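Reader: I'm new to this one, so could you walk me through it slowly?
Author: Gladly; have the sequence and the structure open while we talk.

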Amino acid sequence: PASAYAIQNRGGRGVKGMTRREEDIAQTMFTCSSHDYIMFFTTKGKVYRLKGYEIPEGSRQSKGMNVINVVPLMADEKITTILPCTVKDDEERYLCMVTAKGIIKRTRLSEFKNTRKSGIIALSIDEGDELAHVRMTDGDNNLLVATKKGKAIHFNEHQVRSMGRTARGVKAITLREGDEVIGMAVVEEGKQILTVTETGYGRQSSCDDYRVQSRGGKGLTNYRVSKFGDVAQIAMVDEENDVILISSDGIVIRIAADSISKFARPSKGVRVMKVKDGERIITMSITEKETEEPEEVEKTEENGEVVTESLTPPQTEEE
């Protein structure tokens, strides 16, 4: 449950997010319903689909089940994006997929309606490349693609024609040597673009700071990585969101989005999480703002006296 991660102040150390093996790291996190379809996209360009309740539930510290026990992955195949899907059959939606080397593709969600247990092809991948990020759109959204070395490009999804499942895609951004795509966001009115670095800094910026360009260009400067460290991830947020950050040593912190100051690009921003030497922020998740509600109570009368009992069951130490 998302409630397992209590709200904390910005710049704190965080709490342990899960038990893990020495060589393993937490990579992604999202919120969904147990009745949502969950789509698993892999580095090889395949997609698998499960119901939320088919994934075993665990406590915040538990290790979880090996993904191979729920999704039949190949030996050299890794999960790169996990996407909750709550779309009704009569709604037209698209999946926008971008690879680490900047190739983007847009396909109707209905193309994935009959996903087999063994998975189906989502896009064709060039040798040496891999699928990096997948986002769902309504067919008329603007997209922001950001890179590890501080570049970002803003364009409308109409510049990427709709293609079949097995198509390769087209160029989203021209990358410099040593750079790669680390994030893609669907631009939403009234929201800010949150940029977080591997070194623990972050800032919110207005979408107006990123002028709309043509697909395939070099983009604009989003962050000065030579001074402040490589970019870890980007996302769209507003004051009704909380931000959950995950570091490479398995530490998780949840902070209010409105505690992160707003600056124009390519400002450094503020510290959002303390990161030890040799560690880095891997990714982040956006969830609804946590609101503290008074504990519910039940009042009964015993021998003329009013007795108050908590409706919340007592928690064990592990819970």
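Author: One definition will help before we begin: two strands pair if DSSP finds at least two bridges between them. Please also keep in mind that this is a predicted model.
Reader: Okay, then how many bridges are there between E6 and E11, and in which sense do they pair?
Author: Strand E6, which covers residues 103–108, pairs with E11 over two bridges, and the sense is antiparallel. In that pairing, Ile103 has Lys171 of E11 as its bridge partner.
Reader: And what is the order of strands in the open sheet?
Author: The order is E8-E5-E6-E11, an open sheet of four strands with antiparallel pairing. The edges are formed by strand E8 (131–137) and strand E11 (170–171), each of which pairs on one side only.
Reader: Changing topic, what does E3 pair with?
Author: Strand E3, residues 46–51, pairs with strand E2, residues 37–42, in the antiparallel sense over five bridges, and E3 is also joined by two bridges to strand E7, residues 120–121, again running antiparallel. As for individual partners, Tyr37 is bridged to Lys51 in E3, while Val47 has Ile120 of E7 as its bridge partner.
Reader: Which residue in the hairpin of E2 and E3 takes a positive phi?
Author: That is Gly45, with a phi near 85°, in a hairpin that has three residues between the strands.
Reader: Now Lys151: is it buried or exposed, and which side chain of opposite charge is nearest?
Author: Lys151, which is found in strand E10 (residues 151–156), is buried and yet has no salt bridge, the nearest side chain of opposite charge being Asp179, at 8.1 Å. A salt bridge would need a side-chain nitrogen of Lys or Arg within 4 Å of a carboxyl oxygen of Asp or Glu, so Lys151 does not form one with Asp179.
Reader: Then what does the side chain of Lys151 make a polar contact with?
Author: With the side chain of Thr221, at 3.3 Å. If we leave aside neighbours within four places in sequence, the residues in contact with Lys151 include Val145, Ile173, Arg176, Lys218 and Leu220, as well as Thr221.
Reader: Last thing, what is the mean pLDDT, and where does pLDDT stay under 50?
Author: The chain has a mean pLDDT of 84, with 81% of its residues reaching 70 or more. However, pLDDT stays under 50 over residues 293–302, where the model has 20 contacts beyond four places in sequence, and also over residues 305–319, where the model has 23 such contacts.

Key: Residues are numbered from 1 along each chain as its sequence is written. This is a predicted model: local features need pLDDT of at least 70, side-chain atom pairs count only at pLDDT 80 or more; totals for chains, interfaces and linings use all residues. Side-chain values use heavy atoms; hydrogens and water are left out. pLDDT is the predictor's confidence in each residue, from 0 to 100. Contact means heavy atoms within 4.5 Å. Buried means under 20% relative accessible area, exposed over 50%, partly exposed in between (1.4 Å probe, protein chains only). Lys and Arg count as positive and Asp and Glu as negative; His and the chain ends are not counted. A polar contact is a pair of N or O atoms within 3.5 Å; within protein, one must be able to donate a hydrogen and the other to accept it, and residues adjacent in sequence count only if both atoms are side-chain atoms.
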